[in-house]
Amino acid sequence: MPVPRVAIVGRPNVGKSSLFNWLARRRLAIVDDYEGVTRDRMTTLIESNDRFFELVDTGGMGVVDADNLTEDVRNQIEIAINTADVIVLVVDVQTGVMPMDEEVSERLRSVQRPVILVANKADQSHQDVLAEDFQRLGRGHLIRVSTTQNRNRQDLLDLIVDRLPEPNNELVQEPQMKVTIVGRRNVGKSTFVNTLAEDDRMIVSEVAGTTRDSVDVIFEMDGQSFMAIDTPGLRKRKSQRTDLEYYGMHRAQRSVRRADVVLMFFDASETVSKVDKQLMGYVMENHKPCIFVINKWDKYHGQVPTDRWVRYIHAQFPTLTYAPIAFITGQTGKNVKTLLNHATMLFKQARERVTTGQLNRLIRAAIDAHPPAMYQNRRPKIYFATQVATEPPTVVLMCSEPKAFTADYKRYLLGVLRDHLPFGEVPIKMYLHRRHREGDDEGEEEITPKRGKRS
């Protein structure tokens, strides 16, 4: 299971970002009285009662963005709501129930996940009675908090943890792998899907933009059932002329979120574009296993060496050198079966789990080989490492000070994990998490470099 997600939502200026920082015990999100400061989703890892979850901050629902990004902000909020396991609805005790509070509550009525109603800015106990008016919203358990006076922080965390989905450690039936095919227009996505289905399942045309929606297609190969998700071809936002194209982009993004493996299609006769890079950015943001697929290779087989395309792809996407690259001809089916077999391998890698002992031995060896640099005249410490989730594989390093580890050193540790664990070709989430309680390291062996090693 992936790490559970908890989304903070509400109208503008109710203290969502303050609540986010308060629960995280760090100033991560910008807090300002100006409406609409938060646009993108911000996430951080929280540990409470031996459970980990991702906390997600969102923009204010109903805000009109000054830079005409209202739709983008709204889309980010919708993604947070649709992918959350628990929703924290924040209201402001000091202003009372506002019309926008009722609109937000109405939006959440169709959500089939637990909702916690947080009455913020209840700085004094005599203000608690003011929160009773919010009961009429009828959304979730009501709790009164104050981020400025540090009231009821642990009570709120306990409510959240109680509503997280139970860890699933039981053996379950093998799920059907969902493969999402994405890319620009006319790179051969629909032709590829028809080849998989062995049927004219999708309309194929030379007219750009033939596919206007994401379409699920079930097919079988070697006795196994799969789902291919065909998506609309994308182009630059400034070139989008109709609402169909605009919503097509959002449907493609939704299909990426649904995917177990993403196949990023390129036409062998065309260079990588800005749209391709934006699309891959979204795939990376969602930590999806991905294969770069060079389609229509029959036109260049024997004329252009595959190594040239491999070097070109690595130059265009330098942080994705671990992702496999496939050369196929979707129309004839050449190398398509090999591609699906490789996608299945990535699907299995993303669901692998390693033991805490194995992980700690590996991190110890990595630190011995290359200790972290000194920070404020002290060597930063990693106390222990553990894998907390799969899909994507998620590793938490409990340490003395997360800021002490440079971006280069984090990349080094990720490279070690990728080279020595069964996650070699899939994204890995790695969190450096500070331990707050005194004496946590008593009785535990610390992962530190051996004497004599220098950075």
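## A tour outward from strand 14

Select Ala389 and Thr394 to begin: Thr394, in strand 14, is the bridge partner of Ala389. Helices (H or I, at least four residues) and strands (E, at least two) are DSSP runs, numbered from the N terminus, and two strands pair if DSSP finds at least two bridges between them. The model is a predicted one, in which local features need pLDDT of at least 70 and side-chain atom pairs count only at pLDDT 80 or more, while totals for chains, interfaces and linings use all residues. Residues are numbered from 1 along each chain as its sequence is written, and side-chain values use heavy atoms, with hydrogens and water left out.

**Strand 14 and its neighbours**

Now show residues 382–389, which are strand 13; this strand pairs with strand 14 in the antiparallel sense over six bridges. The two form a hairpin with four residues between them, and in the turn Glu391 has a positive phi of about 50°. Next add strand 15 (residues 429–434), which pairs with strand 14 in the parallel sense over six bridges; here Met398 stands opposite His433. With helix 11 (residues 407–420) also displayed, strand 14, this helix and strand 15 make a right-handed β-α-β unit, where right-handed means that, with the strands pointing away from the viewer, the path from the first strand over the helix to the second runs clockwise.

Is strand 14 enclosed or open? Six of its six residues (394–399) are buried, so the strand is largely enclosed by the rest of the structure; buried means under 20% relative accessible area, exposed over 50%, and partly exposed in between, with a 1.4 Å probe and protein chains only. In a regular strand the side chains alternate between the two faces of the sheet. Here Thr394, Val396 and Met398 are buried on one side, and Val395, Leu397 and Cys399 are buried on the other.

**Leu397 and the cores**

Select Leu397 and its surroundings: among the residues it touches (contact means heavy atoms within 4.5 Å), not counting those up to four places away in sequence, are Ile363, Phe384, Leu413 and Leu432. Leu397 is also one of the residues with the most contacts inside the largest nonpolar core, which has 48 residues; such a core is a set of buried Ala, Val, Leu, Ile, Met, Phe, Trp, Tyr and Cys residues joined through side-chain atoms within 4.5 Å. Helix 9 (residues 336–350) gives the largest share of this core, six residues. Apart from it lies another core, of 26 residues, including Ala7 and Val111.

**Back to the chain start**

Pro2, in the segment before strand 1, is partly exposed, with a relative accessible area of 43%. Which residues does Pro2 touch, not counting those up to four places away in sequence? They are Ala389, Thr390 and Glu391, and the C-alpha atoms of Pro2 and Thr390 are separated by 5.1 Å although the two are 388 residues apart along the chain.

**Two aromatic pairs**

Finally, select Trp297 and Phe327, a tilted aromatic pair at 4.7 Å centre to centre with 55° between the planes. Rings of Phe, Tyr and Trp (its six-membered ring) pair if their centres lie within 6.5 Å, and planes under 30 degrees apart count as stacked, over 60 as edge-to-face and the rest as tilted. Trp297 is buried at 6%, and Phe327 is buried at 14%. Moving to helix 8, the ring centres of Trp309 and Tyr312 are 5.5 Å apart with their planes at 85°, so that pair is edge-to-face. Both belong to one aromatic cluster with Phe266, Phe292 and Phe317.
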